[in-house]
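Biologist: I would like to learn how to read the local features of a model step by step, with the general idea stated before each case. Could you take me through one?

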Amino acid sequence: MPEQLTLRPATLDDAPLLRRWDEHPHMVAAKGTEDWEWESELGRELDWREQLIAELDGKPIGFVQIIDPAREETRYWGNVPAGLRAIDTWVGEEAYLGKGYGTQMMREAIGRCFADPSVRAILIDPLTSNERAQRFYQRLGFRPVARQRFGADDCLVHRLERRDWLESPRDR
């Protein structure tokens, strides 16, 4: 029987696991050293954000966050129009890298975003230095649109339009 990847809501009980993942070298290279304040953020339920744990047959292997950047309280994305979503995703367990699980996680997250008919496009912000992540997102249909600084992070913002996703082959 094939392994089943599912996304479930992250809880405060996941904070130690997320903290451990944050320290892995592949995670520091992918997202920097920003403190996501797991212990406080996982306890906050906000209608503009989903924080999810990716599990493979019940074993946590990664994290997905989906936000509405127009409503996000810190204005991280600046002044953006309604109808967008932004995704953060990573495989936290090194043993699961390079096996297609990140692709499955992203497809699931993209599907969640576009299930809302008002969502026109999805944004992501990989570090400019993370060319591997950029290639990964581009294989999924995201296109680079702007280089932007978010705090100390130099990022290459990518965007996936709804029509491009709906018209694209799903075997990427």
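What follows is a conversation about a pocket, some aromatic rings, two backbone angles and a few residues with their contacts.

Modeller: Before we begin, please keep in mind that this is a predicted model, and that every value I quote is computed from it.

Biologist: Let us start with the pocket, then. How much space lies in the second largest pocket, and which residues line it?

Modeller: A pocket is read through its volume and its lining, where a lining residue has an atom within 4 Å of a pocket point. Here the second largest pocket holds about 180 Å³ of space, and its lining consists of P9, A10, E41, L42, R44, E45, L46, R49, E50 and Q51.

Biologist: What classes of residue make up that lining, and which strand gives the most to it?

Modeller: The lining of this pocket has 5 charged residues, 4 nonpolar ones and 1 polar one, while strand β2, which covers residues 49-56, gives the most to the lining with 3 residues. One of the lining residues, R49, also takes part in a feature of another kind, since R49 lies over the face of W48, at 5.7 Å from the ring centre.

Biologist: That brings us to rings. How many aromatic pairs does a search of the whole structure find, and how is the geometry of a pair read?

Modeller: The geometry is read from the distance between ring centres and the angle between ring planes, and an angle over 60 degrees counts as edge-to-face. The search of the whole structure finds 9 aromatic pairs. In the pair of W38 and F63, the ring centres are 5.0 Å apart and the planes stand at 75°, so this pair is edge-to-face. The pair links distant parts of the chain, with W38 in helix α3 (residues 38-41) and F63 in strand β3 (residues 59-67), 25 residues apart.

Biologist: Are W38 and F63 buried or exposed, and which cluster do they belong to?

Modeller: Both W38 and F63 are buried, and together with W90 they form one aromatic cluster.

Biologist: Turning to the backbone, which residues have a positive phi although they are not glycines, and where do they lie?

Modeller: Here one reads the sign of phi alongside the residue type. D57 has a positive phi of about 50° without being a glycine, and D57 lies in the loop between β2 and β3. R75, also not a glycine, has a positive phi of about 60° and is found in the loop between β3 and β4, the latter being residues 84-91. R75 is partly exposed, with a relative accessible area of 37%.

Biologist: Why does E93 count as buried, and what does E93 touch?

Modeller: The cut-off for buried is under 20% relative accessible area. E93 has a relative accessibility of 12%, and therefore counts as buried, although its place is in a loop, the one between β4 and α4 (101-114). Not counting residues up to four places away in sequence, E93 touches L17, R20, W21, P60 and I61. By contrast, E93 and G141, 48 residues apart in sequence, are 25 Å apart in space from C-alpha to C-alpha.

Biologist: And how should I read the strands β6 and β7 through the contacts of their residues?

Modeller: One sets aside the neighbours within four places in sequence and asks what remains in contact. Q148, in strand β6 (residues 143-150), is then in contact with W77, D153, D154, C155 and V157, and Q148 is partly exposed at a relative accessible area of 29%. A146, which also lies in strand β6, is in contact with C155, L156 and V157, and its relative accessible area of 31% makes A146 partly exposed.

Biologist: What does the picture look like from strand β7?

Modeller: D154 lies in strand β7, and under the sequence filter described above D154 is in contact with L127, T128, R147, Q148 and R149. The C-alpha atoms of D154 and P126 are 8.6 Å apart, with their positions 28 residues apart in sequence counted as separation. E161 lies in strand β7 (residues 153-161) as well; E161 is buried, with a relative accessible area of 18%, and is in contact with F114, R120 and A121.

How values were computed: Residues numbered from 1 in each chain as written. Predicted model: local features only at pLDDT ≥ 70, side-chain atom pairs only at ≥ 80, totals over all residues. Heavy atoms only, no water. 1 Å grid on protein atoms, 1.4 Å probe; cavity = no way out; pocket = protein on both sides within 12 Å on 5 of 7 lines; lining within 4 Å. Points joined across faces, edges and corners; volume = space filled by probe spheres on them. Helix = DSSP H or I, 4+ residues; strand = E, 2+ residues; numbered from the N terminus. Nonpolar A, V, L, I, M, F, W, Y, C, P; charged D, E, K, R; others polar. Phe/Tyr/Trp six-rings, centres within 6.5 Å; stacked < 30°, edge-to-face > 60°. Buried < 20%, exposed > 50% of the residue type's maximum accessible area, 1.4 Å probe, protein only. Lys NZ or Arg CZ within 6 Å of the ring centre and 35° of its normal. Contact = heavy atoms within 4.5 Å.
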